[in-house]
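Subject: The structure I promised you

Hi there,

Here is the structure we talked about, ready for you to open. Have a look at it first, and then read my notes below.

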Amino acid sequence: MIERIGRIRLVLFALLFVSLSVLVPVFLSQSLDGYFHVDYGFLSLHTVLYLLGLLVVYFCCDGLRLYYVLRSMGHKIPFWGLVKLVFVNIFFSNITPMATGGGFAQIWYLRRFGVPLGTATAATTLRTFLATACIFGVSPFLLLFLHPFSTSSGGWILSLVFASLGIIYLSLFCLALLKRNWMIFVLHRGLNWLCRAKVIDRARAVSWRSKAVKEIVRFSRGIRRCSRGGADILLSVLCTAVFLMALFSFPFFLLRGTGYPVPYLFSVGLLILTTFIMYFSPTPGGAGFAEGLFGLFFLSSIPSSELVSVIVIWRFLTIYLGMGIGFIFTLTDFFGRRRCDA
């Protein structure tokens with residue numbers, strides 16, 4: 001019954017993602033032009049080639065940043081497994097609020113490749129931490145130096161708000177990464193509360209505590225081993241940086257294709273701010289917020305008649321394409337598993 005409820009919830013989140021992804025561009029188009037259209041005519045052959053090359057770098061570095069974290073912890077997975085991890089992560093991250101589902105899906109797949117639960121959790125957590133640390137560390141400073149925020153009296157206030165959110169978010173990550181005893185303490189208290197509330201019995205609580213503590217210890221050991229990974233962890237940091245720069249570079253090449261290029265650092269800076277805000281959006285994959293913020297930030301840099309085209313192509317390349325491939329992998333594995341069980 002619980003599994004069925006979980007599937008229904010995922011379907012509802014997926015429908016919400018699709019609805020917001022369609023409705024917001026339609027709303028923007030009708031507000032600006034009076035009708036909805038997507039014009040691909042501005043995409044020259046050179047622009048298409050640039051975007052395809054960027055797409056390859058984007059997907060490859062997305063997989064390699066996790067690969068090197070796992071290798072620093074003493075685990076390797078086959079190439080095809082790495083491909084699945086990339087696209088399944090994109091799919092589940094964008095049909096769950098605040099991108100919470102991607103990590104859990106990757107942990108499930110890593111378990112199938114023989115990686116212990118604690119180690120898989122440590123690897124995906126550290127992979128996420130490296131990316132968020134980059135984004136959250138840069139965002140407050142962008143508000144101080146990036147036009148039009150730098151010329152606004154509210155720029156300082158927004159910078160302080162962004163910095164506070166970033167410190168809180170990253171502090172929680174650091175606690176999860178470094179404070180093993182705190183995690184065990186919270187687990188102990190939580191299970192005791194469930195026993196007193198008669199949700200679970202004492203025997204089950206003891207069994208769960210034993211298994212969870214074992215995985216928490218593995219999690220902690222994985223983090224320590226990764227910190228001594230040397231070249232592997234440096235390669236993961238490098239791949240994370242290249243992955244983020246590829247992700248943030250798509251709008252620049254799209255805007256360049258329109259014939260209205262904006263400065264590269266300006267374009268990248270606005271997209272970093274967009275991504276930062278999307279981390280806190282309650283909608284699946286930031287749907288609706290992403291399109292709306294992009295339109296708001298770039299409206300002054302591109303004609304309104306082409307803005308919706310850029311938004312749709314940007315989201316297709318960075319999200320929809322990967323989601324589609326991830327959905328195919330998920331369906332293939334699901335029905336394959338059903339046949340095996342039968």
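A word you will need straight away is "buried": a residue is buried when its relative accessible area is under 20%, exposed when that area is over 50%, and partly exposed in between, using a 1.4 Å probe and protein chains only. Please keep in mind that this is a predicted model, where local features need pLDDT of at least 70, side-chain atom pairs count only at pLDDT 80 or more, and totals for chains, interfaces and linings use all residues. Residues are numbered from 1 along each chain as its sequence is written, and side-chain values use heavy atoms, with hydrogens and water left out.

Let's start with Ser 309. Because its relative accessible area is 0%, Ser 309 counts as buried. You will find Ser 309 in helix α12, residues 304-341 (helices are DSSP runs of H or I with at least four residues, strands are runs of E with at least two, and both are numbered from the N terminus). Leu 254 is 55 residues away from Ser 309 in sequence, yet their C-alpha atoms are 9.4 Å apart in space.

Next, helix α11 covers residues 289-298, and 7 of its 10 residues are buried. Among them are Phe 294, Phe 297 and Phe 298. In the loop between α10 (264-278) and α11 sits Thr 283, which is buried because its relative accessibility is 12%.

Now for the rings. Rings of Phe, Tyr and Trp (its six-membered ring) pair if their centres lie within 6.5 Å; planes under 30 degrees apart are stacked, over 60 edge-to-face, and the rest tilted. That rule gives 18 aromatic pairs. One of these joins Phe 91 and Phe 92, edge-to-face, with 5.0 Å between centres and 75° between planes; both residues are buried. Ring pairs also link Tyr 58, Phe 59, Trp 80, Phe 87, Phe 243, Phe 250 and Phe 329 into a cluster.

Phe 243 has a charged partner too: Arg 65 lies over its face, 4.1 Å from the ring centre (a charge sits over a ring if NZ of Lys or CZ of Arg is within 6 Å of the ring centre and within 35 degrees of the ring normal).

How many disulfides are there in the whole structure? The search finds 0, where a disulfide is a pair of cysteine sulfur atoms within 2.5 Å. Cys 61 is unbonded because the closest cysteine sulfur, in Cys 239, is 5.0 Å away, too far for a bond.

Enjoy exploring!
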